[in-house]
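Reader: Please take a close look at a single part of this model, and set out what lies around that part.

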Amino acid sequence: MNTMKSRFRWLCWVLPLLATSAAIALGADIRRASQDEIRQFFAAQGKTVITFLGYSGAGYEDTDAMLQAARSVLERHDPATSLVNIGVTPVGIGQVYPLAKSMGFTTTGIVSTQAQKYEAGVSDSVDFGFYVEDETWGGFLDGSEELSPTSRAMVDNSDIVVAIGGGEVSRDELTAARRLGKQVSYVPAEMNHAVAINKARKKGLPEPTNFRGAAHEVFGGPSE
């Protein structure tokens, strides 16, 4: 009996420490949430939601230029009245998270449960994040112009949407945001050339020569 009590006391002491360590490792409060729960969260913040879209795993050919573009957007907003929302992961456009934190912004993220399934990383600079139950990574559902659950949560809860480059998901979300009358902008940016070429090789496809991404096809303009 004494042994059982000792083990119980040990667990009561160590489990909170483990939970705290896990939270620190994640660097954020990340949880699954419904559309209503996400909407209620953002409404409760009472801030302008600035959402950044762009390349994720595809990365950027010129990361410094991408970050400078993001900084120029953020410098026009007050951290006391605005927050920065991206897609939770630290890669690609997720590299804006540390920049936003350094400038004093609260940071949030919305991402598909596919990120859990494939064990995608979580940025250490996310304050609050949400996993949305979704069989896709986002964008329009096949054969329709209906947004997937993840993209619907992303677009519906954004006030300002800024895409710096971006693939199909970014293209679809920016398209939907513009149709809803959101404030949208697009900054041309090339995906990482080496990553794109390596991906094509693995799939047995011809090496790409255009690295501007699907969003550019819609928002880049004829002069780009």
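Author: Two strands count as paired if DSSP finds at least two bridges between them. Helices (H or I, at least four residues) and strands (E, at least two) are DSSP runs, numbered from the N terminus. The model is predicted, so local features need pLDDT of at least 70 and side-chain atom pairs count only at pLDDT 80 or more, while totals for chains, interfaces and linings use all residues. Residues are numbered from 1 along each chain as its sequence is written, and side-chain values use heavy atoms, with hydrogens and water left out.

The part chosen here is strand β2, residues 48-54. Of its 7 residues, 6 are buried, which leaves the strand mostly covered. Buried means under 20% relative accessible area, exposed over 50%, and partly exposed in between (1.4 Å probe, protein chains only).

β2 has strand β3 (residues 82-86) as a parallel partner, joined to it by 4 bridges. Thr51 has Asn85 in β3 as its bridge partner. Between these two strands the chain passes through helix α3 (residues 63-74), making a right-handed β-α-β crossover. Right-handed means that, with the strands pointing away from the viewer, the path from the first strand over the helix to the second runs clockwise.

β2 also pairs with strand β6 (residues 160-164), again in the parallel sense, over 5 bridges. In this pairing Leu53 stands opposite Ala163 of β6. In a regular strand the side chains alternate between the two faces of the sheet.

β2 also takes part in the largest pocket. That pocket has a volume of about 1300 Å³. Among its 44 lining residues, Tyr55, Ser56, Gly57, Ala58 and Gly167 are the closest to the centre. The elements that give two or more residues to the lining are β2, β4 (106-112), α6 (149-156), α7 (168-179), α8 (193-202) and α9 (214-219). The most comes from α7, with 5 residues. By type, the lining divides into 23 nonpolar, 15 polar and 6 charged residues. Here Ala, Val, Leu, Ile, Met, Phe, Trp, Tyr, Cys and Pro count as nonpolar, Asp, Glu, Lys and Arg as charged, and the others, Gly among them, as polar.

A pocket is an open set of points on a 1 Å grid over the protein atoms alone, where a 1.4 Å probe fits, with protein on both sides within 12 Å along at least five of seven lines; lining residues have an atom within 4 Å of a point. Grid points are joined across faces, edges and corners, and the volume is the space filled by probe spheres set on the points.
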